[in-house]
Amino acid sequence: MTKREVIEQLLPKRLPAPCVSATAFAPANIALCKYWGKRDPELNLPTAGSLSISLGKLGSEVTLAPRAGRDRFALNGKLVAPESSFARRAAAFLDFFRPTSDFHFEVTAHNTVPTAAGLASSASGFAALTLALNKLFGWKLERRQLSILARLGSGSACRSLFDGFVEWHAGKAASGMDSFAEPLKFNWPDLRVGLVMISDKEKSIGSRDAMQHTRDTSPLYAAWPETVTRDLAELKTAIRTRNFTKLGEIAEGNALAMHATMIAARPSVLYWLPGSVEAIHAVHALRAEGCEVYFTMDAGPNLKLLFRKADVRCVVKEFSDLQVVAPFSA
Ligand code: PMV
């Protein structure tokens, strides 16, 4: 099935005229059990499920408006060249939704997380873009359908439609209609996520290409889907029983297993910088001293720390520039 066919199935047949403009926000999300590998690259259908936590007010706000002439993109207050990767990816997604071929968009985006630094800005960006399209064109779609649409822009975007803990069901259908995200009912008010910025430079290889290359060439990839299935089940139990040690151990182990698959790809995909390794050692040293903190990492050099409110002080003492997020506090 193609993206266009999926979209045709989801969108209402008769639409009102577009609004003058529409604005929407979506949070960034950090996977505690990762999505890494697709069973269908066209529709961004994952090999296995995944589970994330949304970052509250950290994310993307997108305003869309119809525009005469051609598309125009602005990111964080600056106009962006149409040939930049941001504009090209957004335009390619918007192409599916233009009512006529001469319909163009004014896209104004603001990220409260650094763009393309492995802090999931493409996830919040595509989720916010999907929500803004829903408003602009008056589709009135449900979150589950919007989650499927956002997934077509970037896989992990399907999880950014929701707050708190979010599970993305892998699904089995070739159409991907059963591959959407859903929030878990559990919250965890004293859970904290800390963002350790090692580098905000754009990464040399994006997650789309990196995960395909890993799946195609890494001798360790065969063990990955099974690891995810086990981690996902145990993570849900840890969340349900509020077992922080288990949650941290699984999230850290899952991230390391994912990076192991990519480091073993040929040629290797190594997102880690010297500062990333130093930070990993610092996390391990803190834990040895009784400050209970774990880390996870995505397709980039930065670390995301997981800890509880009671340990904020000892974590910030080590990581003085840490941006601390409380995902469950308003
Ligand atoms: O949705 P993408 O193509 O940006 O891939 C995201 C991949 C990871 O961030 C590494 C893992 C995840 O589950 O978010």
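Cys291 is buried in this predicted model, with a relative accessible area of 4%. Its sulfur takes part in a disulfide with Cys314, at an S to S distance of 2.0 Å. That falls within 2.5 Å, the cut-off for a disulfide, so the pair qualifies. In chemical terms, a disulfide is a covalent bond between the sulfur atoms of two cysteines.

Where do the two joined cysteines, Cys291 and Cys314, sit along the chain? Cys291 lies in the loop between α8 (274-288) and β11 (294-296), while Cys314 belongs to helix α9 (residues 312-318). They are 23 residues apart, and the bond links distant parts of the chain.

The bond also has a handedness. Because the torsion about the S-S bond of Cys291 and Cys314 is about 75°, the disulfide is right-handed. Searching the whole structure turns up 1 disulfide.

Two further cysteines deserve a look. Cys33 is in no disulfide, and the nearest cysteine sulfur to it belongs to Cys158, 13 Å away. Why is there no bond between Cys158 and Cys33? The sulfur of Cys158 has its closest cysteine sulfur in Cys33, and 13 Å is too far for a bond.

Here is how these cysteines compare with the solvent-accessibility classes.

| Cysteine | Relative accessible area | Class |
|---|---|---|
| Cys291 | 4% | buried |
| Cys314 | 27% | partly exposed |
| Cys33 | 0% | buried |
| Cys158 | 0% | buried |

Cys314 is partly exposed at 27%, because its value lies between the 20% and 50% limits. Its partner Cys291, at 4%, is buried.

How values were computed:
Residues are numbered from 1 along each chain as its sequence is written. This is a predicted model: local features need pLDDT of at least 70, side-chain atom pairs count only at pLDDT 80 or more; totals for chains, interfaces and linings use all residues. Side-chain values use heavy atoms; hydrogens and water are left out. Helices (H or I, at least four residues) and strands (E, at least two) are DSSP runs, numbered from the N terminus. Buried means under 20% relative accessible area, exposed over 50%, partly exposed in between (1.4 Å probe, protein chains only).
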